[in-house]
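Biologist: Could you pick one part of this model, look at it closely with me, and then place it in the rest of the chain? I would like one connected account rather than a list.

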Amino acid sequence: NDYVCKCSNGQEATGMAADCSFDECSAMPSPCGDGQSCTDPDMTKSDDFECTCDSDMSIKKVGSPATCGKDECDSTPCGMGQTCNDPVKTVASIGDFTCECSNGVKTTGASATCETDECASGPCGNGQTCTDPNMAADKLHDFECACDSDMSIKKVDGPATCDKDECSSNPCGMGQTCNDPSMSVGSLGDYTCECTNGVKATGAAATCETDECAAMPCGSGQTCTDPDMASNKLHDFECACDSDMSIKKVDGPA
């Protein structure tokens, strides 16, 4: 009885039948790898073990590990307002998902920190107040500009059009005409003050005084007086006869 019985898995016995049963799934590490269950339906055969994905029991492969699809983004690992991407989707690549903010900030394997204050760059300009109500939610283009001159005038994602008539504060002198062509906060100081004699100044009261008597409009034998230069009036000079000062005429020889 020196015959030998040898199993296909390498086990053998002399003079008797060998016990060829062998559970291939008992090997360490498991032939299927992490995230898979191993079964050996016929322990007398080699390479017939079966790997089944824990994430989806319908995904199986005989004799080697299965390719188990697992989209980590299904569990919503990223924060609100972030985009999740799992490029490989296998159990073997767990933790390779990325979280990306709408402002471009990206993190691998964890939620990103996306907060950004859009008002920090001063997008509203002069004469306006900027507020960013939703930094924590990672929203861009939601900042709000409100006019300092009238806080009810607002605009989202850009400077507001703030009406402001600078002439309403009467910046020009008496007898001058004020004009504010644009009436916006962005163009403060562009109002003009104009005298009735045509003298004009931008952003300040004009100097309008003029002595109409300097041109000697009354002629000889008469005295000329201009009573209201300070009020910027024209054609109010007065001519009085030297022979009788009670004889007078306004805006022309007596």
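**A sheet up close, and its surroundings**

Modeller: Happily! In this predicted model, let us start with the open sheet whose 3 strands come in the order β6-β7-β8 and pair in antiparallel fashion. At its edges are β6, residues 83-85, and β8, residues 106-108, each of which pairs on one side only. On average, and ignoring direction, neighbouring strands here are turned by 20 degrees against each other.

Now zoom in on the pairing of β7 with β8. Strand β7 covers residues 98-100, and 3 bridges join it to β8, the two running antiparallel. Which residue of β8 is the bridge partner of glutamate 100? That partner is lysine 106. If you click on glutamate 100 and lysine 106 in the viewer, you can use this bridge pair to find your way between the strands.

Let us follow the chain to either side of this sheet. On the way in, the loop between β5 (60-62) and β6 holds threonine 76. Its backbone deserves a look: threonine 76 is not a glycine, yet its phi is positive, at about 50 degrees. Most residues other than glycine have a negative phi. Threonine 76 has a relative accessible area of 61%, and the cut-off for exposed is over 50%, so this residue counts as exposed.

On the way out, past β8, the loop that leads to β9 (128-131) contains glutamate 118. Is glutamate 118 buried or exposed? Its relative accessibility is 13%, and buried means under 20%, so glutamate 118 counts as buried. A polar atom of its side chain lies 2.8 Å from the backbone nitrogen of histidine 141. A residue from the loop after β8 is thereby tied by a polar contact to histidine 141.

Further along, look at the strands β10 and β11. Lysine 154 and glutamate 144 form a salt bridge, with 3.8 Å between their closest N and O atoms. The pair links distant parts of the chain, 10 residues apart: lysine 154 sits in β11 (residues 154-156) and glutamate 144 in β10 (residues 144-147). Glutamate 144 has a relative accessible area of 25%, which lies between the cut-offs for buried and exposed, so the residue is partly exposed.

How many salt bridges does a search of the whole structure find? The count is 2. Besides the pair just described, lysine 248 forms a salt bridge with glutamate 238, where the closest N and O atoms are 3.9 Å apart. This pair, too, links distant parts of the chain, with lysine 248 in β17 (residues 248-250) and glutamate 238 in β16 (residues 238-241), 10 residues apart. Glutamate 238 is partly exposed at a relative accessibility of 25%. As background, side chains of opposite charge can pair when their charged atoms come close.

Between β11 and β12 you reach a loop with asparagine 170. Asparagine 170 is not a glycine, but its phi is positive, at about 55 degrees. With a relative accessible area of 62%, asparagine 170 is exposed.

The strand that follows this loop, β12, belongs to an open sheet of 3 strands, ordered β12-β13-β14 with antiparallel pairing. Why is one side of β12 and of β14 left without a neighbour in the sheet? Both β12 (177-179) and β14 (200-202) stand at the edges and have a single partner strand, so one side of each stays free of a neighbour. The average turn between neighbouring strands in this sheet is 20 degrees, direction ignored. The antiparallel strands β12 and β13 (residues 192-194) are joined by 3 bridges, and cysteine 178 stands opposite cysteine 193 of β13.

One more backbone feature lies back towards the start of the chain. A cis peptide bond, with omega of about 0 degrees, joins methionine 28 and proline 29. Proline 29 is in the loop between β2 (12-14) and β3 (36-39).

Finally, the whole chain. Its secondary structure consists of 17 strands and 0 helices. The chain has 254 residues, and 28% of them count as buried. Among contacts with a separation of 6 or more, 18% involve residues 24 or more positions apart. The accessible surface is about 15000 Å², and carbon and sulfur atoms account for 51% of that area.

Technical notes: Residues numbered from 1 in each chain as written. Predicted model: local features only at pLDDT ≥ 70, side-chain atom pairs only at ≥ 80, totals over all residues. Heavy atoms only, no water. Pairing = 2+ DSSP bridges. Helix = DSSP H or I, 4+ residues; strand = E, 2+ residues; numbered from the N terminus. Axes fitted to C-alpha atoms, helices over the stretch in contact; angles between N-to-C directions. Buried < 20%, exposed > 50% of the residue type's maximum accessible area, 1.4 Å probe, protein only. Contact = heavy atoms within 4.5 Å. Areas by Shrake-Rupley, 256 points an atom, 1.4 Å probe, with all protein chains shown as cover. Salt bridge = Lys/Arg side-chain N within 4 Å of Asp/Glu carboxyl O. Polar contact = N/O pair within 3.5 Å; in protein donor to acceptor, adjacent residues only side chain to side chain.
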